[in-house]
Amino acid sequence: MTDMIGQVGHASDLFSKFDDIIAMREDLLASGVEDPFNLVMERVLSPTVAVCNGRETILLGTYNYMGMTFDPEVVAAGKDALDRFGSGTTGSRVLNGTYIGHRQVEDALREFYAMDHAMVFSTGYQANLGIIATIAGKGDYIVLDIDSHASIWDGCKMGDAEVVPFKHNDIDAMERRLRRIPDGAGKLVVLEGVYSMLGDIAPLKEMIAVAKKYGAMVLVDEAHSMGFMGPNGRGVAEDQGVLDQVDFVIGTFSKSVGTVGGFCVSNHPKFEVLRLVCRPYVFTASLPPSVVATAATSIRKLMHGKNKRAHLWENSRVLHKGLKDRGFQLGTDEPQSAIIAVLMPDLEKGAAMWEALLHEGLYVNLARPPATPANMTLLRCSLCAEHSAEQVKAVIGMFERAGKATGIIG
Ligand SMILES: Cc1ncc(COP(=O)(O)O)c(C=O)c1O
């Protein structure tokens, strides 16, 4: 039957699939809590302090691990590039979007990792999407940790390979999956150095040995470890002495580097062909000249970041111990990275604690499913090399007061 406007059949609302999440959000806000996913930084004073709701707030929920965002040389490089090259490239890397700055940041990456090739994308998300989807296609197999970042999962989906997940950080489970893959099939094992929800690291040494035994190529996402893990800040693979076994390292400029952008570095002799066939590289505009200039300057400075790395580790140890001693349940028994996750009983309590901390003058990340493993609600603290010892001490006091006020600790 046709109605007055010519419609045939019943109308369907494509938004009905979001009803559960809309209801969940309404319930949360009805409890009177401030919206944890809508905070505005009115001013940012340094890598560790911003003004939120008119109040100076310690930032403990950014990925500014090495505190490079306000480094005077980094900022000056960006301003200079803005003046000399304009505000944007308005084009793809393979057409008009490669400026001298894009070459320079790729040179800096090659030097930082001591690898032959470096390819810069507009975000880390696109780097995973592009590399994974392009190298592993129909008929190939991707074996990956179940807790992998969304950009890894999306890359798997886009490439159409067979996707074989295994239990988080479980070496035997990974081997069982690899053993079942038909002989001769293309195999890619995808791992992360630091898993960002709980802040735990992967046993890369053992896992990469297993992957190689079965003839798989290995890609490691070092988004949360670049700059401060390993003797040269190259990440967990370097720290565990197996960087030379990794076929592709994926990274981002949005964390330790302190700007935006993503990359892949590799020694694969045919790597450069990817610039012609990788759709998230070809079919998007390249990064603005100011961004690549800040990234190149920051990466070169990170090569000499030994003291900052040591201070960041000290901050991580002090905060982990301080929170553990006060009775908080943490994501790892020992500090393993710059991320310390505090486990919350449920979303409502987590949001109440998040708000209590904000009122104390502290910003942390509230994380909830589906981003978190095992349906957990987490308050994720990420430390910065620019946090002073006094700030870390103050943070522990804030957690103690907020934890008692909300009943999270006794
Ligand atoms: C492990 C991992 N990979 C990739 C990305 C994407 O990075 P970007 O912010 O540059 O898109 C993230 C971002 O959170 C991440 O945590």
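Helices here are DSSP runs of H or I with at least four residues, and they are numbered from the N terminus. With that in mind, the reader can follow this predicted model from its ligand site outwards, beginning with helix 4 (residues 124–135), which gives the most to the shell around the ligand, with 3 residues. In total, 13 residues surround the ligand, and the closest are Thr123, Gly124, Tyr125, Ala223 and Thr252. By class, the shell around the ligand is made up of 9 polar, 2 nonpolar and 2 charged residues.

The next level is the division into domains. Domain 1 is assigned two segments, 29–66 and 305–406, while domain 2 covers 72–302. The C-alpha centres of domain 1 and domain 2 lie 27 Å apart, and 20 residues of domain 1 are in contact with 20 residues of domain 2. On the side of domain 1 that touches domain 2, the elements that give two or more residues are helix 12 (306–325) and strand 13 (339–344), and strand 13 gives the most, with 3 residues. That side of domain 1 has 12 nonpolar, 7 polar and 1 charged residues.

An open sheet of 4 strands comes next, with the order 1-2-3-14 and mixed pairing. Strand 1 (43–46) and strand 14 (362–363) stand at the edges and have a single partner strand each, so one side of each is left without a neighbour in the sheet. Within this sheet order, strand 2 (residues 49–52) and strand 3 (residues 55–59) run antiparallel and are joined by 4 bridges. Val49, for example, has Ile58 in strand 3 as its bridge partner.

The loop between strand 2 and strand 3 holds Asn53, whose phi is near 50 degrees, a positive value in a residue other than glycine. Asn53 counts as exposed because it has 11 C-beta neighbours inside 10 Å, and the cut-off for an exposed residue is 12 or fewer. A second asparagine can be read alongside it: Asn169, which is not a glycine either, has a positive phi of about 60 degrees, and its place is in the loop between strand 6 (162–166) and helix 6 (171–179). Asn169 is partly exposed, because 19 other C-beta atoms lie within 10 Å, whereas a residue counts as buried at 20 or more.

These backbone values merit attention because most residues other than glycine have a negative phi, and most peptide bonds are trans. The peptide bond that joins Pro369 and Pro370 is cis, with omega about 10 degrees. Pro370 is placed in the loop between strand 15 (365–367) and strand 16 (377–382).

Helix 11 (residues 289–302) offers a contrasting view, that of an element that is mostly covered, with 12 of its 14 residues buried. From its first C-alpha to its last, helix 11 reaches 20 Å, close to the 20 Å expected at 1.5 Å a residue. Its buried residues begin with Pro289, Ser290, Val291, Val292, Ala293 and Thr294, and they also include Ala295, Ala296, Thr297, Ser298, Ile299 and Leu302. Among the elements that cover the buried residues of helix 11 are helix 2 (72–85) and helix 3 (100–113).

Note on methods
Residues are numbered from 1 along each chain as its sequence is written. This is a predicted model: local features need pLDDT of at least 70, side-chain atom pairs count only at pLDDT 80 or more; totals for chains, interfaces and linings use all residues. A residue is near a molecule or strand if its C-beta atom, placed from the backbone, lies within 6 Å of it. Ala, Val, Leu, Ile, Met, Phe, Trp, Tyr, Cys and Pro count as nonpolar, Asp, Glu, Lys and Arg as charged, and the others, Gly among them, as polar. Two strands pair if DSSP finds at least two bridges between them. Domain bounds come from an automatic or database domain assignment. Two residues are in contact if their C-beta atoms, placed from the backbone, lie within 7 Å. The expected span of a helix is 1.5 Å times one less than its number of residues.
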